[in-house]
Amino acid sequence: MSTGGSQKRVNLQSVAEEAGVSRATASLVLRESPLVSAETRKRVIAAMHKLGYIYNRGAANLRRQRTGTIGVVLCNIGSPFYSKLLIGIDEVFVDAGIVALLVNSAENIERQMRQIWRLREHGVDGLIICPAVGSDETLLSEIEKTGLPYVQVLRHVSPTAGDYVGPDYAGGTDLAVSHLVRHGRRKIAFLGGNPVHSAACERLEGFQRALRRHRLESDLIVPTDLDNLSDFGSLESLMASASPPDAAICYNDMVALSLMGRLLSEGELPGRDFAVIGADNLPQAATSFPTLTTIVTDPVGVGRNAARLLLDRITEPRASSMRVLVSGQLMVRESCGGPLP
């Protein structure tokens, strides 16, 4: 391929000849057309690798007036929960030949909007966004000014406006209360009950709904600082009262694991002396002592559904808004309901 120190550029025709197919067929392979057989696709890809052909996807996207990139705006990229969400998003985007550009709002609404406009400047085809605390419907109107299709994920700023995909927070918390009642717990606290965004509000809604159904006390909602895992709010004074709670549903697994550590340090065994349920089913929940019963919110499934919905919205921008709730379940372990060691 090289003579006199110069290198002949490999083009698509060269690839087609090497693979023994027409140039049109080779082009269909590059565009990931389902019309090409798996065997033919393998031959063309092998020829590309052999010859060193690099597909100019940018030029192809320019012809289609798309960049093949999606902006993902999250509020806390350090959280292990969001890592799981990104796995689900990435699974769908990889198959669609799309690259995700990740930015962090750090729970700051001004920074969030700056990041969205920067993503727009980079030509993304759409957005997946978990709204920062304090966001309202102004966020949606500002996104609509950019002309970008978008899907809210995990949190929403309106019960009706815009596409949204998230766990069934209320249903999951309801399941947790019912499980505790079946195991004889009657005074249940909710630890981390600070209604600062839709996900928190829906958790509390499911908690209070289930308490009413079981005719239990409903005033044991304990606000805490979720960034400070040693903050147990008023729970410690409640535990020292004449009528202490006998169980706690925690906002997430990190809060629950911290609470179990505190209980153990005071000589109480979670699951026997005091029931604890978390949420999100992080890997640490299965390896803690005792292992943690938790509400499965399936962030990977949420990510997959959000990515698919956004791709649909890019194709059909005028379709009606959709709300997709990913149903969860309760993973029963030793901290409530499972056999203790």
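How far apart are the end C-alpha atoms of helix α5 (residues 80-95), and what span should its 16 residues have? The legends below start there; keep in mind that this is a predicted model.

**View 1. Helix α5, end to end.** Let's check the helix with a ruler. At 1.5 Å a residue, the 16 residues of α5 should span 22 Å, and the end C-alpha atoms turn out to be 24 Å apart, which agrees. Now look at who is tucked away: Phe81, Tyr82, Leu85, Gly88, Ile89, Val92 and Phe93 are buried. An α-helix has 3.6 residues a turn, so residues three or four places apart point the same way. The cover over the buried residues of α5 includes the strands β3 (69-74), β4 (99-104), β5 (127-129) and β6 (150-153), along with helix α12 (299-315).

**View 2. Two rings at the start of α5.** The structure holds 2 aromatic pairs. One of them joins phenylalanine 81 and tyrosine 82, which sit edge-to-face, with 5.9 Å from centre to centre and 85 degrees between the planes. Are these two residues buried or exposed? Both phenylalanine 81 and tyrosine 82 are buried.

**View 3. Helix α8, mostly under cover.** Here's the ruler again: the 14 residues of α8 (residues 169-182) should span 20 Å at 1.5 Å each, and its end C-alpha atoms are 20 Å apart, which agrees. Of those 14 residues, 11 are buried, among them Tyr169, Asp174, His179 and Val181. After the helix comes glycine 184, with a positive phi near 85 degrees.

**View 4. Where α8 meets α9.** The axes of α8 and helix α9 (residues 198-213) come within 7 Å and cross at roughly 40 degrees. The crossing is right-handed. On the α8 side, the residues that meet α9 include Tyr169, Ala170, Thr173 and Val177; their partners in α9 include Ala199, Arg203, Phe207 and Ala210. Arginine 203 also lies over the face of tyrosine 251, at 4.0 Å from the ring centre.

**View 5. Cysteine 250 and its surroundings.** Cysteine 250 belongs to strand β10 (residues 247-250). Why does cysteine 250 count as buried? Its relative accessibility is 1%, and buried means under 20%, so cysteine 250 makes the cut. Skip its neighbours within four places in sequence, and cysteine 250 is still in contact with Leu191, Val255, Ala256, Leu259, Val276, Ile277, Gly278 and Ala279. Threonine 294 is 44 residues away from cysteine 250 along the chain, yet 9.1 Å separates their C-alpha atoms.

Key:
Residues numbered from 1 in each chain as written. Predicted model: local features only at pLDDT ≥ 70, side-chain atom pairs only at ≥ 80, totals over all residues. Heavy atoms only, no water. Helix = DSSP H or I, 4+ residues; strand = E, 2+ residues; numbered from the N terminus. Buried < 20%, exposed > 50% of the residue type's maximum accessible area, 1.4 Å probe, protein only. Contact = heavy atoms within 4.5 Å. Phe/Tyr/Trp six-rings, centres within 6.5 Å; stacked < 30°, edge-to-face > 60°. Lys NZ or Arg CZ within 6 Å of the ring centre and 35° of its normal. Expected span 1.5 Å × (residues − 1). Axes fitted to C-alpha atoms, helices over the stretch in contact; angles between N-to-C directions. Left-handed = near helix turned anticlockwise from the far one by under 90°.
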